[in-house]
Amino acid sequence: MTEQRIHNFNAGPAALPLPVLKEVQAEFLNYHGSGMSICEISHRSKWFDDVINDAVARARRLLGLDERYAVLFIQGGASLQFAMVPMNFLGPEDTADYVNTGTWATKAIKEAKALGKRVAVVASSEEENFSYIPRAIPFNSGAVYVHLTSNNTIKGTQWAEFPDTGTVPIVADMSSDFLSRPLPMERFGMIYAGAQKNIGPAGVCMVIVRRDLLERKAEGLPTMLRYATYAEKNSLYNTPPCLAIYIVQLVLKWLEETVGGLAAMDEINRRKAKLLYQVIDLSEFYQGTAAADSRSLMNVTFRLPSEALEKKFVAEALDAGLGGLKGHRSVGGCRASIYNATGIEAVETLVDFMKDFEKRNG
Ligand SMILES: *Cc1c(COP(=O)(O)O)cnc(C)c1O
């Protein structure tokens, strides 16, 4: 039990900006003078229309999107997108390239294959336990899209730059680094991100998709599995997750007005990551698990000399008010997730704790 909020390094669901949580709290019982909670208001009301339209407008401004792109909110998480992407974009004769950089990429490939789609895994770092981002990839110029995972939440790697795929659009799972940095949008046909890492609570996935791709192969698909349904109805074909979209809207407002946009966010995120990797690089005690040129600015993964020490580290950190430092159950070790909402003070506190822990146990 703790009376106070902790420094939250959870991988997802993860920390939200404190000003956003306070705003939600302040207007939770009576949303903008409606006399109702946002959870009690029709999704067809003027109130909710303003929420979803403002969220879309802010996403457009933050990313510099032009009218070629639609901004959608879809339930089912990023995991549903693993299936919706090949369903909507690939016909029986079409092929898509996939790059396998970890657990989530593996799942995306599995879903496309389960649908009987033609998938070419053009690069993989599996033989090195997904510890690096592949380079010099032989992409197929005839592919409909190239799928990649921009940030590998579990393995702690990230594409620092996106590969040259020629005229083939990139479809990116950006669940764990969406809106953490500016993006070269002209390279992307689609971006999707489950909200619960970097942009909001669980329950909604944000999708940015180029409209010319929308109608590719959607014919015959169930209504709720077609991107076109969401694009035509401003994500309001059926009842959307209103509360989740509202909180995403507030996070985007915070990003735009308080942080000052994606370039400013990127600079802060780089400073945070640098502080942690410096401790790891200067120590024999902490060992980073990702190749230095592939390191994630969002999920910093590291090991200690023994599993017993890792357990002790996670427990003592929590006693010191630093939570969520246990690595994913599939890989063990430790992981500090430092998404947009985790401030530099939290990272500085963690760095001090790490140095002190090493002194006492190294
Ligand atoms: C968490 C995560 C997912 C899974 O997201 P869900 O919303 O739980 O389906 C997919 N991809 C990446 C990169 C993730 O970090």
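A polar contact is taken here as a pair of N or O atoms within 3.5 Å; within protein, one atom must be able to donate a hydrogen and the other to accept it, and residues adjacent in sequence count only if both atoms are side-chain atoms. The model is predicted, so local features need pLDDT of at least 70 and side-chain atom pairs count only at pLDDT 80 or more, while totals for chains, interfaces and linings use all residues. Residues are numbered from 1 along each chain as its sequence is written, and side-chain values use heavy atoms, with hydrogens and water left out.

We turn first to the ligand. Alanine 78 meets a ligand oxygen atom through a backbone N or O atom, at 3.1 Å. Two side chains also take part: an N or O atom of aspartate 173 lies 2.6 Å from a nitrogen atom of the ligand, and an N or O atom of lysine 197 lies 2.7 Å from a ligand oxygen atom. On its own the ligand has 390 Å² of accessible area, and the protein covers 87% of it (areas come from the Shrake-Rupley method with a 1.4 Å probe; for residues, only the protein chains shown count as cover).

The ligand is surrounded by 13 residues, a residue being counted when one of its heavy atoms lies within 4 Å. Ser79, Thr153, Asp173, Gln196 and Lys197 are the closest. By type, the shell holds three nonpolar, eight polar and two charged residues (Ala, Val, Leu, Ile, Met, Phe, Trp, Tyr, Cys and Pro are nonpolar; Asp, Glu, Lys and Arg are charged; the others, Gly among them, are polar). At least two shell residues come from each of α3 (77-89) and α5 (195-198), and α3 gives the largest share, four residues. Helices (H or I, at least four residues) are DSSP runs numbered from the N terminus.

Helix α3 also leads into the packing of the fold. Its axis comes within 8 Å of that of helix α4 (residues 103-114), and the two cross at roughly 45°; axes are lines fitted to C-alpha atoms over the stretch in contact, and angles run from 0 to 180 degrees between N-to-C directions. The pair α3 and α4 is therefore oblique, since angles under 35 degrees count as roughly parallel, over 145 as roughly antiparallel, 65 to 115 as roughly perpendicular and the rest as oblique. Helix α1 (residues 18-26) packs with helix α8 (residues 242-259) at about 135°, their axes 9 Å apart, so α1 and α8 are oblique to each other.
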